[in-house]
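Hi everyone, thanks for coming. I'd like to walk you through one structure today, so have a look at the screen while I talk.

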Amino acid sequence: MRSARQPSHAAMELLGQRWMLRVIWELAPGPLGFLELRRRMDNCSSSMLSVRLQTLQDAGIVVKRPDKSYELTARGGELSRALEPLWAWSERWSRS
């Protein structure tokens, strides 16, 4: 999913879609099957989760494994590590 716009704008548009960051968060520790991922995603519908997973696959952030589970690619792992300061900040923010 490449864009002629500035890369930061394209990334914000991708990651700003509802549920995107949550999918990355849930997959950061390791692969999950669709049903387990769906269970962890609270109110995200199956159809919305399918769309988000496909979009992340198209962007090279998530891959569907032969066993049908989903995991972050190397690019997705890099993104997850880049988001760790944001997640740490959100923990501090929620306590204030």
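Over residues 6-96, the chain is 64% helix and 7% strand. The C-alpha atoms at the two ends of that stretch sit 34 Å apart. That range comes from UniProt, where an unreviewed entry annotates residues 6-96 as "domain: HTH hxlR-type". And please keep in mind that this is a predicted model.

Let's begin with helix H5, residues 74-94. H5 has 21 residues, and from its first C-alpha to its last it reaches 30 Å, close to the 30 Å expected at 1.5 Å a residue. Still, H5 has a bend of about 35° at Leu83. A proline, Pro85, follows within four residues.

Which residues of H5 are buried? They are Gly76, Gly77, Leu79, Ser80, Leu83 and Trp87. And what do those buried residues pack against? The answer is helix H1 (7-15), helix H2 (20-27) and S2. So hang on to Leu83: the bend is at Leu83, and Leu83 is also on the buried list.

Now the aromatic rings. How many aromatic pairs does a search of the whole structure find? Two. One of them is Trp25 with Trp87: the ring centres are 4.8 Å apart and the planes are at 85°, so we call the pair edge-to-face. Trp25 belongs to helix H2 and Trp87 to helix H5, so this pair ties together parts that are 62 residues apart in sequence. Are the two partners buried or exposed? Trp87 is buried, because its relative accessible area is 14% and the limit for buried is under 20%. Trp25 has 41% relative accessibility, so Trp25 counts as partly exposed.

The other pair is Trp89 with Trp93, and this one is stacked, with 5.8 Å from centre to centre and 15° between the planes. Why are these two about one helical turn from each other? Because they are four residues apart in helix H5. Here's the textbook bit: an α-helix has 3.6 residues a turn, so residues three or four places apart point the same way. As for accessibility, Trp89 is partly exposed at 45%, while Trp93 comes out as exposed, with a relative accessible area of 55%.

Okay, over to the strands. Ser69 lies in the loop between strand S1 (62-64) and strand S2 (70-72). Ser69 is buried, at 8% relative accessible area. Its side chain makes a polar contact of 2.6 Å with the side chain of Asp67. Leaving out residues up to four places away in sequence, Ser69 touches Pro31, Leu32, Gly33, Val63 and Lys64.

Let's follow one of those, Lys64, which is found in strand S1. Lys64 is partly exposed, with 41% relative accessibility. Setting aside neighbours within four places in sequence, Lys64 is in contact with Gln57, Ser69 and Tyr70. If you want a distance to check on the screen, try the C-alpha atoms of Lys64 and Leu32: they are 32 residues apart along the chain and separated by 9.7 Å.

The loop between S1 and S2 also holds Lys68. Lys68 is exposed, with a relative accessible area of 57%, and its phi is near 75°, a positive value in a residue other than glycine. Why point that out? Most residues other than glycine have a negative phi. Trp19 does something along those lines too, with a positive phi of about 80° although it is not a glycine. You'll find Trp19 in the loop between H1 and H2. Trp19 is buried, with a relative accessible area of 16%.

One last stop: Leu53, in helix H4 (residues 46-58). Is Leu53 buried or exposed? At 1% relative accessibility, Leu53 counts as buried. What does Leu53 touch, not counting residues up to four places away in sequence? Val23, Phe34, Leu37, Val62 and Tyr70. Tyr70 may ring a bell, since Tyr70 was on the contact list of Lys64 as well. And for another distance, the C-alpha atoms of Leu53 and Ala82 are separated by 20 Å, with those positions 29 residues apart along the chain counted as the gap.

That's my tour, so thanks for listening!

Note on methods
Residues numbered from 1 in each chain as written. Predicted model: local features only at pLDDT ≥ 70, side-chain atom pairs only at ≥ 80, totals over all residues. Heavy atoms only, no water. Buried < 20%, exposed > 50% of the residue type's maximum accessible area, 1.4 Å probe, protein only. Polar contact = N/O pair within 3.5 Å; in protein donor to acceptor, adjacent residues only side chain to side chain. Contact = heavy atoms within 4.5 Å. Expected span 1.5 Å × (residues − 1). Bend = angle between axes of the 7 residues up to and from the residue. Phe/Tyr/Trp six-rings, centres within 6.5 Å; stacked < 30°, edge-to-face > 60°. UniProt positions renumbered as here; feature names shortened; annotations may be inferred.
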